[in-house]
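Dear colleague,

I am handing over the structure we spoke about, and the sequence and coordinates follow directly below. After them I have set out what was found, going from the whole chain to particular helix contacts, rings and residues.

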Amino acid sequence: MEKWVGKIALVTGASSGIGQDVALTLADAGMIVVGIARRAELVTLLSTKVTGGGKIYAKKCDVSNEGEIMETLNWIRREFGGVDVLINNAGIYRYQFITQSETSDFRDTFNVNVLATCIFIREVVKDMQAREAYGHIVVLNSLLGKRVPDVSVPVFGVYPASKFALVGMTEVLRQELNFLKLPIKVTSIHPGMVQTDMIKVFESKLAERLPKLQVTDITASIVHCLATPPEVRVSIVACGYASMNRQCIRNRLSDYSGLTGFERCGLMA
């Protein structure tokens, strides 16, 4: 992670869960982190816990509002010159049948999970290109963006649809960056169920029975991808729970150029 020391990371949804843990880990590794959330006071509190050489700046932002997104990005441009690492983590899950959902449920899910991600990526890539800067974009997806399981009570709503949309968008983005020959990596992280506030939408007894990853498992996967050398591009990482232990299995689902034989087998320590 030495190459990122002093560089600027933008983490969306930094007030809790994965975003909170990633923001703190990157700051401890020496990065200057802008953590955005509607509950900015929680990010401010998080900033007091940094023990490494970096720093966390809290910024209030509702990612469903394009005006607030643009104001936040313009503030980063003025204060720091731009973003070097973008962690698209913010997301919502409306626990409901599609046929019983409100139109607002559909709109809110796609505004936060898809549209906001596209806006952040568009603007950050523009800045990276103008600065001729090396960068990395990480999109927090879900295993539900790869496959929708056949379950007895499918109360997924349109959440999987929003995640499938991110799969298509991220692949097109990868091809665009290759076409434009930009030194910007893009990685999609697909976690299974993670112990965060998001799973509170599930009935408690059901959630208790299901195996869950910890936020630190997902952070470790993200840090692994950020630490790769320039010739290695990790496009997709799927994080699933290993029933025999509590380690996170990072399965290689796409091309890994320049990796060791051990990494090629799909298990990355």
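Let me begin with a ring: Phe 80 has a relative accessible area of 26%, and is therefore partly exposed, since that value lies between the limits of 20% for buried and 50% for exposed. Please keep in mind throughout that this is a predicted model. Phe 80 forms an aromatic pair with Trp 75, in which the ring centres are 5.7 Å apart and the planes stand at 80° to each other, an arrangement that is edge-to-face. The partner ring belongs to a residue of another accessibility class, because Trp 75, at 16% relative accessibility, counts as buried. Ring pairs also bring in Tyr 57, so that Tyr 57, Trp 75 and Phe 80 are linked into a cluster. The count of aromatic pairs comes to five.

As for the chain as a whole, it has eight helices and eight strands, and 49% of its 269 residues count as buried. If one takes the contacts between residues at least 6 apart in sequence, 66% of them join residues at least 24 apart.

Two helix contacts deserve a fuller description. In general, two packed helices are described by the angle between their axes and the distance between the axes.

The first concerns helix 4 (residues 103–131) and helix 5 (residues 159–179), whose axes come within 9 Å and cross at roughly 15°. Because angles under 35 degrees count as roughly parallel, helix 4 and helix 5 are roughly parallel to each other. Their crossing is right-handed. On the side of helix 4 the contact is made by Thr 109, Phe 110, Asn 113, Val 114, Thr 117, Cys 118, Ile 121 and Val 125, while helix 5 brings Tyr 159, Ala 161, Ser 162, Lys 163, Ala 165, Leu 166, Met 169, Leu 173 and Leu 177. Sorted by class, the residues of this contact are twelve nonpolar, four polar and one charged.

The second concerns helix 1 (residues 17–28) and helix 7, whose axes come within 9 Å and cross at roughly 50°. That angle makes helix 1 oblique to helix 7. This crossing, between helix 1 and helix 7, is right-handed. Helix 1 takes part through Gly 17, Ile 18, Asp 21, Val 22, Thr 25 and Leu 26, and helix 7 through Val 215, Thr 216, Ile 218, Thr 219, Ile 222, Val 223 and Leu 226. The residues in the contact of helix 1 with helix 7 comprise eight nonpolar, four polar and one charged.

Some single residues can be set beside these contacts. Pro 191 lies in strand 6 (residues 184–191) and, at 6% relative accessibility, counts as buried. If its neighbours within four places in sequence are left aside, Pro 191 is in contact with Leu 140, Asn 141, Ser 142, Leu 143, Ile 218 and Cys 239. Of these, Ile 218 is also one of the helix 7 residues in the contact with helix 1. Pro 191 and Ser 221 are 30 residues apart in sequence, and their C-alpha atoms are 9.8 Å apart in space.

Thr 228 is placed in the loop between helix 7 (215–226) and strand 7 (236–241), and with a relative accessible area of 7% it is buried. Its contacts, with neighbours within four places in sequence left aside, are to Lys 3, Lys 185 and Val 234. Leu 42, which is in helix 2 (residues 40–47), is partly exposed, with a relative accessible area of 29%. Leu 42 and Ser 16 are 26 residues apart in sequence and 7.8 Å apart in space, taken C-alpha to C-alpha.

Finally, two backbone angles may be of interest to you. Most residues other than glycine have a negative phi. Glu 132, however, has a phi near 55°, a positive value in a residue other than glycine, and Lys 181 likewise has a positive phi, near 55°. Glu 132 sits in the loop between helix 4 and strand 5 (135–140) and counts as exposed at 74% relative accessibility. Lys 181 belongs to the loop between helix 5 and strand 6, and at 72% relative accessibility Lys 181 counts as exposed.

With kind regards

How values were computed:
Residues are numbered from 1 along each chain as its sequence is written. This is a predicted model: local features need pLDDT of at least 70, side-chain atom pairs count only at pLDDT 80 or more; totals for chains, interfaces and linings use all residues. Side-chain values use heavy atoms; hydrogens and water are left out. Axes are lines fitted to C-alpha atoms, for helices over the stretch in contact, and angles run from 0 to 180 degrees between N-to-C directions. Helices (H or I, at least four residues) and strands (E, at least two) are DSSP runs, numbered from the N terminus. Angles under 35 degrees count as roughly parallel, over 145 as roughly antiparallel, 65 to 115 as roughly perpendicular and the rest as oblique. A crossing is left-handed if the near helix is turned anticlockwise from the far one by less than a right angle, and right-handed if clockwise. Contact means heavy atoms within 4.5 Å. Ala, Val, Leu, Ile, Met, Phe, Trp, Tyr, Cys and Pro count as nonpolar, Asp, Glu, Lys and Arg as charged, and the others, Gly among them, as polar. Rings of Phe, Tyr and Trp (its six-membered ring) pair if their centres lie within 6.5 Å; planes under 30 degrees apart count as stacked, over 60 as edge-to-face and the rest as tilted. Buried means under 20% relative accessible area, exposed over 50%, partly exposed in between (1.4 Å probe, protein chains only).
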